[in-house]
Structures are given as C-alpha cells and as structure tokens.
Amino acid sequence: MCGIVGYIGSKEIKNELIEGLRELEYRGYDSAGIAVMQEGNIKAFKAVGKLQNLKEKTKNFKTIGPGVGIGHTRWATHGKPTELNAHPHMGKYSYVVHNGIIENYREIKSELEKDGVQFLSQTDTEVIVHLFEKEAANAKDIKELYDAFKRTIDRLDGAYAVLLITQKAPDTIFFARKGSPMIIGRNPGGEIYFASSDAPLIGKAEEVAYMEDGTVGYATPDTIYSEPKPLAFVPLSGDKLRAQKGGFRFFMEKEIYEQYHVISDTMIGRVLDKDIAFEELSENFLEGISRIKICACGTSYHAALTSSYLFERQAKMPVNVEIASEFRYKDPLLDTDTLFIVISQSGETADTLEALKMAKSAGLKTLAICNVDNSSIVRLADTSILTRAGIEKGVASTKAFATQVMVLWMLSLFFAKRTKAIAPETVEGETSFMHQVPRVLKDALKVHEKCKRLSKRYLHGHGFFFIGRDIFYPLALEGALKLKEISYLHAEGYPAGEMKHGPIALADAELFTVALMPKTILYDKTKSNVEELSARDSTILSISPEMFELADDFILTHPHTHPMLEFFEMMVVEQLLAMEIAIRLGNDVDMPRNLAKSVTVE
Ligand code: M6R
C-alpha cells in the first residue's frame with residue numbers, strides 16, 4: 001500500500017531512490033515519482049504505471065555530488081492513478097511523499113482553499129505540503145522549520161509515514177510515522193536512507209532503526225533528531241538474500257517452488273524427532289489460557305480458519321476466528337483467559353494491527369504469527385512466532401500461507417500436548433507426518449505440466465466454485481482467492497455440503513467446479529456433493545488421489561494417510577493452476593491490477 005524512500009548522501013540520488021523503489025514496488029504500482037534536491041534546487045519526476053515508466057522518464061537526469069531525495073510508489077487510495085495524483089506532491093518550495101491515509105484531509109483542504117491555496121491533485125496527501133508551507137511561512141532556521149513540520153503532523157488524523165523536503169533546508173529530510181511503517185538506515189559519513197521496509201536497505205545501510213509509532217524528526221548529513229526519543233539503531237544483517245526470480249517467469253512461481261525448502265526452515269527447532277517445541281511460548285506466558293481467538297485478513301485468514309479445525313480437534317480448545325476488519329467494529333467480548341493470535345505475512349496490515357491493539361488494551365495475551373521480523377505487528381505483540389518463509393514478493397501469497405498453516409498445525413499439536421488432550425504416542429505420530437511435508441510439497445510440483453495444459457480449458461465460463469469440506473473448505477476459499485486475484489476471473493470458495501442450499505442454482509456447463517476430494521476426510525460425502533453438481537451439468541475438475549468417474553478433468557494427487565499431507569499437496573495444485581490460468585490470460589501475475597502486497601490502510 002504505497003512505498004516510500006528517502007536518501008541523503010553523495011551517490012547518484014536518482015539511482016538510489018529508484019533502486020529502493022524497485023524493492024517496494026510490490027506495495028503498489030499505480031504510479032511512481034521522485035523529487036531530488038541539490039544546492040536548493042528541486043527537480044521532480046512522476047510517471048503513471050510501473051516503475052519502469054519512471055525509469056524511462058528520468059534516464060537523462062543525473063545528480064553529481066551531495067543532495068537529498070524522496071521517492072514514492074503508489075497504490076491509489078484517494079484519486080485515480082494519474083500523474084497529477086502521483087507523489088511527490090509539491091507546494092511552492094517543498095515536496096512530500098506519504099504512505100497511509102489522512103482521514104481529516106477534507107477539513108484541512110477547505111481551510112487551505114479559503115487561504116487561496118490551489119490544489120493540483122485529488123489526493124489526501126497534498127494537504128500536508130500546503131499545511132507545512134503555511135506553518136513555515138515565517139520560519140528562518142531549521143528549528144523553526146521543524147516546529148512548523150511538527151505543527152503540521154499534529155493536525156493529521158489517520159495513518160501516515162511522511163517524508164518532506166523543502167528548499168528552506170536544502171540538506172534536510174523531515175520525517176514522521178504513525179500507523180504506517182518507516183525505517184531509517186545510516187552509514188558513517190552522514191549517508192542516510194529511509195524506506196517503508198528494510199528490503200531496500202539491505203546491502204545499503206549498515207545500521208537501521210525501526211521507528212516507533214508517533215516518531216517525528218529530521219535528518220541531515222550531521223544529525224538525526226527524533227522525538228519523543230532518540231532512534232535505536234541496530235546493525236542490519238547483510239545476509240538476507242535479495243529476492244530474485246532465479247530463472248522463474250514470476251516471483252510467484254519461484255515462491256511456489258521454494259515452499260518445500262522454506263517449510264523446513266519453519267520446522268527447524270520446533271518439530272523435533274518425536275516432540276514439538278516452541279521456545280517463543282513460555283509456560284508462564286500460557287498460564288490461565290483456555291481459549292483462542294485468531295484475527296487476520298485475506299490468505300492469512302484462510303490459514304487461521306484451517307487452524308480452527310486443528311485446534312478444536314487436537315487440542316480440544318475452543319477457537320474463534322475473525323476477519324480483522326470485522327472484528328474491529330463489532331464491540332467484541334474479550335476475556336483474559338483468551339490467547340489472542342494475529343496472523344500476517346507482512347506484519348503491517350492495518351486492520352490486523354488495529355485488532356491487535358484492541359486485544360492488548362483489553363488485557364489479553366497476544367501472539368503474532370508473522371513472516372517479517374521487526375514489523376509493526378511483531379513489535380506490538382507480547383510474543384511472536386516467525387514463519388521463516390523468506391521475502392515474499394508475489395502479491396498472491398503462496399509460501400507465506402504454507403508456512404502459516406505449518407506453524408498453526410505445529411501449534412495445535414503443541415497445545416494438545418500441553419493440555420494432555422492427546423497421548424505422547426500421538427504427538428510422536430503427528431511429528432512423523434510433519435517431517436514428510438517438505439517432500440510432499442516437492443512431489444506436488446510434478447503436476448505443473450498438467451496444470452499448464454489444463455489451464456487453456458478454464459479461461460472462460462461464468463465462474464468457478466472451489467469446494468471442499470473440513471480443512472479443505474478454507475483451502476477452497478484460498479484456491480478461489482488465488483485464482484481471482486491474479487486471473488480476474490470470478491471464483492468463490494464454498495463448503496461442498498453447502499452448495500445445495502443456494503449456489504447450486506448457478507450450475508450449468510459454463511460453471512467450473514474445482515472439487516477438492518481428499519481420501520482422508522469425508523471422501524464419500526464430498527463425492528455426493530460433486531455428483532449433485534455434475535448432475536446439473538457443471539464442468540468438474542477433481543483434485544483427488546482417486547479417479548472420479550464423473551469428472552470432466554482430473555488432477556491426480558498422491559495417496560497420503562494424513563489429511564494435512566493431502567492439504568499441502570492440493571494447496572500446491574491450486575496455486576499452480578491459478579498461476580497458469582493467469583499467465584495464459586496474459587496477466588502480470590506478480591503485480592495484479594488494483595492490489596498491493598501489504599495493505600496498510602483500513
Ligand atoms: O500481510 P498479511 O498476511 O496481513 O496480508 C493479508 C492479506 O492482505 C493478504 O493475504 C492478501 O489477501 C493476499 N494478496 C492474498 O494472496
């Protein structure tokens with residue numbers, strides 16, 4: 001949901017900004033822009049669409065010697081994705097970039113319009129730069145400019161990460177953060193970087209500080225000043241490999257293929273030979289917990305829903321799962337015997353973060369299951385379990401989902417053992433199945449060719465139903481989400497047994513049913529549901545280890561004796577199928593239209 005970068009230093013400023021934005025492009029790609037200031041002169045460039053367009057536009061622009069710059073890649077919230085709405089937004093002598101939403105921008109805008117300010121864009125962001133210039137009208141030095149910046153920030157309601165440069169302080173970047181992430185990096189000699197995540201800083205900055213909510217300050221080559229407290233810099237490990245496509249057509253494809261690898265990382269030190277352990281969870285922390293509530297969005301919500309079956313079945317603990325954006329406004333009843341779990345790949349999803357804040361202020365113990373260390377959610381939760389999927393670049397989540405489900409399966413076993421809901425032999429048996437997951441994820445890739453060939457038959461029609469029962473119902477939801485977000489075809493996930501209560505009315509030859517038909521759970525029941533659809537002429541694609549005679553197409557999976565192994569294999573099939581359909585339709589699988597990797601607005 002928008003990415004911002006900033007740079008102070010002597011390197012080629014445009015390049016530093018564009019390289020940083022490339023790492024953040026997954027956060028939004030409706031437009032991109034930069035503003036570069038040298039010796040008090042500012043030059044700004046903006047381009048609609050992907051970063052490549054900005055690169056083209058700036059190819060003859062060069063900076064020599066020290067200066068400052070800010071840049072932005074946009075996921076449109078207020079105003080269409082046009083050049084005028086692209087950031088940086090300018091005043092008379094200042095430029096601003098912003099990630100987040102200014103909720104009271106209308107009120108500020110009409111106040112500024114009364115003063116005669118003319119707005120060029122339809123964005124909420126533009127008010128920041130004009131308000132700053134109004135406040136800074138008589139400012140003569142850095143102290144007075146900073147006070148003007150603080151007064152500006154104080155007026156803003158909503159979420160923001162803001163960088164502002166002004167000709168009145170030519171070597172300075174003013175910054176503020178509330179609700180949207182911002183990281184600052186530094187090197188000896190006064191080189192400074194800003195970014196919305198640490199990815200652009202890897203290999204660039206020796207030390208970074210993850211700004212707390214409510215931080216305001218300014219940076220020059222000589223000083224980094226922040227309030228309410230000095231920034232805490234820590235070394236940035238340089239060994240995080242930058243995500244490259246590695247020969248694959250798309251990051252999504254690469255990420256599907258590396259699932260068997262990263263899932264082993266997820267399990268290290270947790271799935272032992274015959275036991276399960278989480279050093280993140282102390283007995284002291286878990287004392288008094290008798291139920292679980294989980295909040296998440298999108299794919300992470302599907303992982304949560306999957307786990308509700310596992311927790312209740314194995315650990316015999318009541319579990320309640322909620323979509324974070326719904327949870328926030330329903331005046332939920334929260335009890336302190338509840339462990340509040342949030343699940344998030346990015347750790348920055350605004351709705352999930354707010355749900356976590358609510359649970360914390362109600363006095364609940366909180367646990368984050370997250371892929372990004374040092375993210376806002378990880379820092380806020382009492383404790384966290386990192387999923388260790390590595391950087392996920394594809395907007396359509398794949399390996400993050402696999403690792404979330406794995407953690408949740410492990411966690412349900414951990415609780416089952418702790419509450420003695422299952423015998424030690426069962427713990428041992430389950431861990432032996434868990435050890436098979438990497439192999440299952442690898443073997444599952446063998447259907448890729450088949451998915452490629454099948455994809456050509458599933459490009460039209462009036463929609464898809466993904467159906468399944470039990471844990472295969474959340475997997476059906478996930479399959480439908482994967483397909484719709486990258487192919488733009490209509491798809492719904494449904495419990496197989498629920499079709500007859502309404503949706504079956506849609507069945508005809510143009511309705512594609514993707515039937516998840518595992519052998520280990522409710523096979524016959526699911527089969528009857530699929531038969532009902534087949535009898536009404538729906539085109540059936542069955543995913544099952546068993547040939548289903550009424551299927552128009554089938555993808556045969558390997559026979560397994562544990563439902564979770566069937567789950568992981570079918571998950572890969574769904575991912576590959578969605579990706580191949582989207583590729584055949586000519587879509588940019590990694591950057592689907594209208595989406596952004598991390599959704600930092602509500
Ligand atoms: O980073 P999070 O896991 O909190 O993100 C939640 C959703 O925005 C995310 O899962 C989204 O649904 C993905 N695009 C799904 O592929």
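Is His 78 buried or exposed? It counts as buried, because its relative accessibility is 17% and the cut-off for buried is under 20%. One caution before we go on: this is a predicted model.

Let's stay with His 78. It sits in the loop between strand 4, residues 67-74, and strand 5, residues 89-90. What does His 78 touch, leaving out residues up to four places away in sequence? Five residues are listed: Ile 101, Tyr 105, Gln 122, Thr 123 and Asp 124.

Next, a hairpin. Strand 12 covers residues 215-219, and strand 13 covers 224-227. They pair in the antiparallel sense, over four bridges. Four residues make the connection from strand 12 to strand 13. For a landmark, take Gly 217, which stands opposite Ser 226 in strand 13.

Now the open sheet. Five strands form it, and the pairing is parallel. The order is 21-20-22-23-24. Which strands stand at the edges? Strand 21, at 491-495, and strand 24, at 553-556. Each has a single partner strand, so one side of each has no neighbour in the sheet. On average, neighbouring strands here are turned by 15 degrees against each other, direction ignored.

Look inside the sheet. Strand 22, residues 511-516, pairs with strand 23, residues 539-544, in the parallel sense. Five bridges hold that pairing on the list. In one of them, Ala 515 has Ser 542 of strand 23 as its bridge partner.

Two helices to show on this sheet. Helix 17, residues 472-487, packs on it and touches strand 20 (463-468), strand 21 and strand 22. The direction of helix 17 makes about 175 degrees with that of strand 21. Helix 19 also packs on the sheet. Its contacts are with strands 20, 22, 23 and 24. Against strand 23, the direction of helix 19 makes about 140 degrees.

Helix 19 runs over residues 563-584, and Ile 583 is found in it. Leaving aside neighbours within four places in sequence, Ile 583 is in contact with Arg 249, Phe 250 and Val 589. How far is Ile 583 from Trp 409, C-alpha to C-alpha? The separation is 32 Å, with their positions 174 residues apart along the chain.

Trp 409 takes us to helix 13, residues 399-418. Start with its packing against helix 9, residues 298-315. The two axes come within 9 Å and cross at roughly 20 degrees. Angles under 35 degrees count as roughly parallel, so helix 9 is roughly parallel to helix 13. The crossing is right-handed. Helix 9 contributes residues including His 302, Leu 310 and Phe 311, while helix 13 contributes Phe 401, Leu 408 and Trp 409, among others. By class, this contact has 13 nonpolar, eight polar and no charged residues.

Helix 7, residues 259-267, meets helix 13 as well. Here the axes come within 10 Å and cross at roughly 35 degrees. This crossing is right-handed. From helix 7 the contact takes Gln 259, Val 262, Ile 263, Thr 266 and Met 267. From helix 13 it takes Lys 399, Ala 402, Thr 403, Met 406, Val 407 and Met 410. What is the make-up by class? Seven nonpolar, three polar and one charged.

That's the tour. Questions, please.

Technical notes
Residues numbered from 1 in each chain as written. Predicted model: local features only at pLDDT ≥ 70, side-chain atom pairs only at ≥ 80, totals over all residues. Heavy atoms only, no water. Axes fitted to C-alpha atoms, helices over the stretch in contact; angles between N-to-C directions. Parallel < 35°, antiparallel > 145°, perpendicular 65-115°, else oblique. Left-handed = near helix turned anticlockwise from the far one by under 90°. Contact = heavy atoms within 4.5 Å. Nonpolar A, V, L, I, M, F, W, Y, C, P; charged D, E, K, R; others polar. Pairing = 2+ DSSP bridges. Buried < 20%, exposed > 50% of the residue type's maximum accessible area, 1.4 Å probe, protein only.
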